[in-house]
Amino acid sequence: MGVANCLYYQDELDPIVVGEHGMASEWRGAAIGDLDADGEPEIAAVRDFDGDIYLYDWLEQNEQCSMTSNGQTIPFGSASDWIGLAAGDIDGQLGDELIAARNYDHTIFVFNWGTQWFSVPISTGIVNVSGIAAGDINGDGDSEVVLSTYNGALMVYDFDPNQQVLVHQITQQVITSGDVPCIATANMAGTAADEVILANNADNTVRVYAYDQQQLAFGLLGSYNACGPMNWRGAAGGQFDSGNAREECVVVSYADGDLYFLEFNSQGQLIVFDRANLMGPITSNGNLVSALRHSVIASGDLTWRSDACCPMDELINYRNEDGWCYAYELRTGARCIPMVECDVKSGQVPEADGAGVRLYPNPATAQVFLEALDDRSNGIQEIICLDNLGRVVLSGRYPVGSMRIVLGTGKLSIGVYAVRTTTWSGSQSQERLIIE
């Protein structure tokens with residue numbers, strides 16, 4: 001098993017947002033999907049500070065997330081007690097729907113293109129809902145909505161095209177002794193349908209369930225038993241290793257600060273195939289910013305343009321400690337590379353004094369230029385270029401005052417690379433380089 005260490009290329013920064021998207025945000029859920037039917041992914045996040053849902057575009061050109069062009073938010077009010085968000089195509093039409101659930105009034109809300117479409121009450125008698133997910137669990141080509149409860153029950157809702165509303169199908173107690181804080185879906189078995197993933201803190205397990213549409217019941221497909229208290233906080237499913245048609249899941253442990261990436265092996269066992277630590281970065285005053293106190297994570301293919309040959313999903317993590325959104329991609333068996341740290345209000349990437357290096361042209365063929373943007377940096381000290389397995393393929397060190405460097409790339413194979421730059425002032429940055 002490879003261990004993936006998340007390398008924070010801006011670890012000298014103190015990414016504290018001043019304003020309403022700061023430390024008091026209380027993020028409760030996040031989702032990625034084609035929410036406006038434009039063929040590109042959008043990001044949605046909900047927080048309890050003001051009860052609002054925020055919508056963002058992902059700008060792949062510079063790997064930066066920003067508020068959608070109309071600055072769209074969906075207001076609800078501060079007493080929402082949100083459970084979470086999910087995105088999925090529940091009606092089979094263009095684009096994904098955004099689905100939100102909250103305990104305040106035990107209601108599921110469905111949004112189409114950022115506008116509330118309809119709402120339905122959560123099943124009578126269910127008061128301890130812990131999470132929401134969307135996936136094609138019955139293999140009909142559309143997404144169903146699945147809710148989990150803390151005590152280990154699952155609820156399934158399917159869209160009725162005649163009534164134009166979600167209809168409750170079943171509620172099933174799948175775990176006898178449960179403390180289930182999170183739920184996700186993924187096509188982990190490689191069949192026509194998605195599976196449901198539950199993390200259970202009562203016995204430190206991650207369980208995968210398959211749904212039988214004929215029997216209207218869930219069956220346990222596999223389970224991973226972790227050692228010691230894990231304090232699971234979040235879960236997501238997606239294609240994280242680009243190795244086969246099967247997807248994987250990732251769960252977050254607050255006990256050790258790790259992301260656990262799980263898959264089914266050839267013997268049908270649910271195993272951890274990679275880990276990545278997210279207990280950083282170290283701030284400028286030396287304090288450790290925990291990413292995981294309330295782990296709001298989601299996954300989706302944000303870089304669908306540049307990784308079309310070998311599509312992989314990325315992770316986003318909303319932190320309540322500083323109010324920022326972080327995006328990551330996994331290099332299997334090597335390292336988890338943070339792609340961007342993003343102010344979720346302005347969409348800006350933080351810069352320290354002397355930070356900032358411009359890389360161009362991108363995409364490139366024979367050579368690229370790296371230019372230090374701030375005179376206070378004293379120039380570029382070191383450049384390291386990594387391939388998609390985390391291997392160093394190019395590197396160089398340069399004297400003080402080297403403000404513009406020409407890097408020969410003619411011998412690199414076509415693909416996507418990470419270019420890490422350190423300036424003489426000590427600031428670090430990382431850019432994605434595409435070689436054509």
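In this predicted model, Ser-123 is in contact, once its neighbours within four places in sequence are left aside, with Met-155, Tyr-157, His-168 and Thr-171. The place of Ser-123 is the loop between E10 and E11, and because its relative accessibility is 14%, under the 20% cut-off, the residue counts as buried. Two of these contacting residues, Tyr-157 and His-168, also meet Ser-123 through polar contacts between side chains, as the table sets out.

| Side chain | Partner side chain | Polar contact |
|---|---|---|
| Ser-123 | Tyr-157 | 2.9 Å |
| Ser-123 | His-168 | 3.2 Å |

Tyr-157 appears again in the surroundings of Ile-108, which, with neighbours within four places in sequence left aside, is in contact with Ile-99, Ala-100, Ala-101, Phe-118, Ser-119, Val-120, Ile-122, Leu-147, Tyr-157 and Leu-166. Ile-108 belongs to the largest nonpolar core, a set of 21 residues in which Ile-108, Ile-122, Leu-147 and Leu-166 touch the most other members. At least two residues of this core come from each of several strands, namely E7 (82-88), E8 (97-102), E9 (107-112), E10 (115-121), E11 (129-135), E12 (144-149), E13 (153-160) and E14 (165-173). Apart from this core lies another, made up of 20 residues, including Cys-182, Tyr-224, Ala-235 and Val-251.

Further along the chain, Met-188 sits in the loop that runs between strand E15 (182-186) and strand E16 (195-200). Is Met-188 buried or exposed? With a relative accessible area of 1%, Met-188 is buried, because that value falls under the 20% limit. Its contacts, leaving aside neighbours within four places in sequence, are with Glu-195, Ile-197, Val-208, Arg-246, Glu-247, Glu-248, Cys-249, Leu-262, Glu-263, Phe-264 and Leu-270. Met-188 and Ala-245 are 57 residues apart in sequence, while their C-alpha atoms are 8.8 Å apart in space.

A last region to follow is strand E29, which spans residues 380-386 and is mostly covered, with six of its seven residues buried. Strand E29 pairs in the antiparallel sense with strand E32 (residues 415-423) over six bridges, and it pairs in the antiparallel sense with strand E30 (residues 392-397) over five bridges. Cys-385 shows both pairings at a single residue, having Val-419 as its bridge partner in E32 and Leu-394 as its bridge partner in E30.

Definitions and conventions. Residues numbered from 1 in each chain as written. Predicted model: local features only at pLDDT ≥ 70, side-chain atom pairs only at ≥ 80, totals over all residues. Heavy atoms only, no water. Core = buried A, V, L, I, M, F, W, Y, C linked by side-chain atoms within 4.5 Å. Buried < 20%, exposed > 50% of the residue type's maximum accessible area, 1.4 Å probe, protein only. Helix = DSSP H or I, 4+ residues; strand = E, 2+ residues; numbered from the N terminus. Contact = heavy atoms within 4.5 Å. Polar contact = N/O pair within 3.5 Å; in protein donor to acceptor, adjacent residues only side chain to side chain. Pairing = 2+ DSSP bridges.
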